[in-house]
Amino acid sequence: MSEKISVEKTVISVEQDSFMPPKARDYLDMDRQYRQLMYIHEAAIQEVVSRLNILKGEFQFSNDRNPISGISSRIKSKESIIYKMEKKGLPMTVSALLGNIHDIAGVRVICPFIEDVYYVARMLARQKSIELLEVKDYIREPKANGYRSLHLIIHINVDFAERSMSVPVEIQIRTTAMDFWAGAEHQLRYKKEREFTAEDEEKLKHCADLMAQADEEMQEICGDFNLDRDSW
């Protein structure tokens, strides 16, 4: 099985930035400052996606197959940010947001095989302008509902006109099977016309386990064809 990605916990200190208002106006006018924050995080997403596309292109021309089959991204909505800050008991300030909410910018990477997930994670973590802050391995330790994915929290350097900023981005890396299950589970769980029951939960957990078993068996076949990580 893949070697474990380890990372030491890092304390993040956030300084007031020129993009942000002075401390006297640190309390969020969410409509106005959301746009500023989204611009910064969108730039960070572009940086991460660019790195991933470079890796994808290199894999395409240098190997028999590509460990990256898809890349997507999203910015967390203003409502989701406010909900998460309230849930954490945080003040509605820019500094509190940047210091504690690290998944405003999100990138998702889809891979064919389990080993590819860890390989892509290592390729990202080794890049000089990327600092790996936290790893949440929901593949080896799935969530109670069956959810599986590898989550990385990184800081990536983004160059603006007059300064550079280190911006947090959450990267989710998962197999095609994991992504299918997560997407289907989300649609079913939040369907407004029907209550999500304990029986539904059990059925979806069973499906997640079946897909995990299929992923493991596909990984074994990958190894039989010498397509595992040692062939890179």
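This is a short tour of the structure, stop by stop, with something to select at each one.

**Before you start**

This is a predicted model, in which local features need pLDDT of at least 70 and side-chain atom pairs count only at pLDDT 80 or more, while totals for chains, interfaces and linings use all residues. Residues are numbered from 1 along each chain as its sequence is written, and side-chain values use heavy atoms, with hydrogens and water left out.

**Stop 1: the whole chain**

Select the protein chain and colour by pLDDT, the predictor's confidence in each residue, from 0 to 100. The average is 86, and 85% of the residues score at least 70. Now switch to a cartoon view: there are 6 helices and 5 strands. Helices (H or I, at least four residues) and strands (E, at least two) are DSSP runs, numbered from the N terminus. Along the sequence they follow the pattern α-β-α-α-β-α-β-β-β-α-α. Of the 232 residues, 45% count as buried; buried means under 20% relative accessible area, exposed over 50%, and partly exposed in between, with a 1.4 Å probe and protein chains only.

Which element has the lowest mean pLDDT, and which the highest? Helix H3 (residues 94–100) has the lowest, at 79, and strand S2 (residues 105–111) the highest, at 98. Please read residues 7–24 with care: pLDDT stays under 50 there, and the model has 32 contacts beyond four places in sequence for that stretch. A contact means heavy atoms within 4.5 Å.

**Stop 2: strand S2 and its partners**

Select S2 next. Of its 7 residues, 6 are buried. Strand S1 (residues 70–75) pairs with S2 in the antiparallel sense over 6 bridges, and here Ile-75 stands opposite Ala-105. S2 also pairs with S5, in the parallel sense and over 6 bridges, with Ile-110 opposite Arg-174. Two strands pair if DSSP finds at least two bridges between them.

While you are here, pick Ser-72 in strand S1. Is Ser-72 buried or partly exposed? Ser-72 is partly exposed, with a relative accessible area of 36%. Leaving aside neighbours within four places in sequence, Ser-72 is in contact with Gly-106, Val-107 and Arg-108. The C-alpha atoms of Ser-72 and Arg-108 are 5.2 Å apart, although their positions lie 36 residues apart along the chain.

**Stop 3: two buried side chains**

Go to Ile-101, in the loop between H3 and S2. Its relative accessible area is 0%, so Ile-101 is buried. Beyond four places in sequence, Ile-101 touches Lys-84, Met-85, Lys-88, Leu-90 and Ala-96.

Then select Phe-59 in helix H1. Phe-59 is buried too, with a relative accessible area of 4%. Setting aside neighbours within four places in sequence, the contacts of Phe-59 include Pro-67, Ile-68, Tyr-119 and Met-123.

**Stop 4: the aromatic rings**

Rings of Phe, Tyr and Trp (its six-membered ring) pair if their centres lie within 6.5 Å; planes under 30 degrees apart count as stacked, over 60 as edge-to-face and the rest as tilted. How many aromatic pairs does this rule give? The count is 3.

Show Tyr-39 and Phe-160: their centres are 5.7 Å apart and their planes at 45 degrees, so this pair is tilted. Tyr-39 lies in helix H1 (residues 30–62) and Phe-160 in the loop between strand S4 (150–159) and strand S5 (164–175), so the pair ties together parts 121 residues apart in sequence. Phe-160 is buried, at 14% relative accessible area.

Now show Tyr-138 and Tyr-147, an edge-to-face pair with 6.0 Å from centre to centre and 65 degrees between the planes. Both of these tyrosines are buried. Add Lys-143, whose charged end sits over the ring of Tyr-138, 4.9 Å from its centre. A charge sits over a ring if NZ of Lys or CZ of Arg is within 6 Å of the ring centre and within 35 degrees of the ring normal. Arg-189 offers another case, over the ring of Phe-196 at 4.4 Å from the centre.

**Last stop: helix H6**

Finish with helix H6 (residues 198–224). Its buried residues include Leu-204, Ala-208 and Ala-212, and what covers the buried residues of H6 includes helix H4 (114–125), S5 and helix H5 (176–189). After H6 comes Asn-226, whose phi is positive, near 55 degrees.

Technical notes
The expected span of a helix is 1.5 Å times one less than its number of residues.
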